[in-house]
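Hello,

Please find the structure below, as agreed. My notes on it follow.

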Amino acid sequence: MTRLFLLSLAALAQIGGGSVAGYVTDPSGAVIPGVAVDAVNTGTNARAKAIANAEGYFEFPLLPAGRYKLEAVHTGFQKTASTEFALNTGTRPRIDLM
């Protein structure tokens, strides 16, 4: 069992990425469910997509290391984007959007 766990960690380390998670809220602080969130690699323009759940939570469980920005769109709200950030191997920044 220990050997399997160590092999899993070694495989994850070879992928060379991290994850990003956060919440989407409106200006009053209320969560917004169902928001489409894109993680955009600013070096390659590759996109990953997620949808905020009922609590406004979204997650990108494994993205390649690189520089990213998050973009969110939802009917009735203006499009919003995060500032650019670095995603390094093994990191998990929390990036909230409003």
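**Glycine 16, and then the rest**

Glycine 16 counts as buried because its relative accessibility is 19%, and the cut-off for buried is under 20%. Please keep in mind that this is a predicted model.

Glycine 16 sits in the loop that links helix 1 (2–15) to strand 1 (17–23). Setting aside residues up to four places away in sequence, glycine 16 touches Pro64, Ala65 and Thr89. Leucine 63 is 47 residues away from glycine 16 along the chain, yet their C-alpha atoms are separated by 8.5 Å.

**Overall layout**

The protein has 1 helix and 7 strands, and their order along the sequence is α-β-β-β-β-β-β-β. Of its 98 residues, 34% are buried. Taking the contacts between residues at least 6 apart in sequence, 58% join residues at least 24 apart. The protein exposes about 6,100 Å², and carbon and sulfur atoms supply 59% of that area.

**Asparagine 41**

Asparagine 41 belongs to strand 2. With a relative accessibility of 10%, asparagine 41 is classed as buried, because that value falls under the 20% limit. Its side chain reaches the backbone nitrogen of threonine 44 at 3.0 Å. Without its neighbours within four places in sequence, asparagine 41 is in contact with Ala46, Ala65, Gly66, Arg67 and Tyr68. Ala65 is also among the residues that glycine 16 touches. Leucine 63 comes up again here: its C-alpha atom and that of asparagine 41 are separated by 9.1 Å, with the two positions 22 residues apart along the chain counted as their separation.

**Aspartate 26**

Which side chain of opposite charge is nearest to aspartate 26, and how far away is it? The answer is arginine 94, at 13 Å. Aspartate 26 is buried and has no salt bridge; a salt bridge would need a side-chain nitrogen of Lys or Arg within 4 Å of a carboxyl oxygen, so arginine 94 does not supply one.

What the side chain of aspartate 26 does make is a polar contact with the side chain of serine 28, at 2.6 Å. Aspartate 26 lies in the loop between strand 1 and strand 2 (36–41). Beyond its neighbours within four places in sequence, aspartate 26 is in contact with Ile32, Phe77 and Met98.

Regards

Key
Residues are numbered from 1 along each chain as its sequence is written. This is a predicted model: local features need pLDDT of at least 70, side-chain atom pairs count only at pLDDT 80 or more; totals for chains, interfaces and linings use all residues. Side-chain values use heavy atoms; hydrogens and water are left out. Helices (H or I, at least four residues) and strands (E, at least two) are DSSP runs, numbered from the N terminus. Buried means under 20% relative accessible area, exposed over 50%, partly exposed in between (1.4 Å probe, protein chains only). Contact means heavy atoms within 4.5 Å. Lys and Arg count as positive and Asp and Glu as negative; His and the chain ends are not counted. A polar contact is a pair of N or O atoms within 3.5 Å; within protein, one must be able to donate a hydrogen and the other to accept it, and residues adjacent in sequence count only if both atoms are side-chain atoms. Accessible areas come from the Shrake-Rupley method with a 1.4 Å probe; for residues, only the protein chains shown count as cover.
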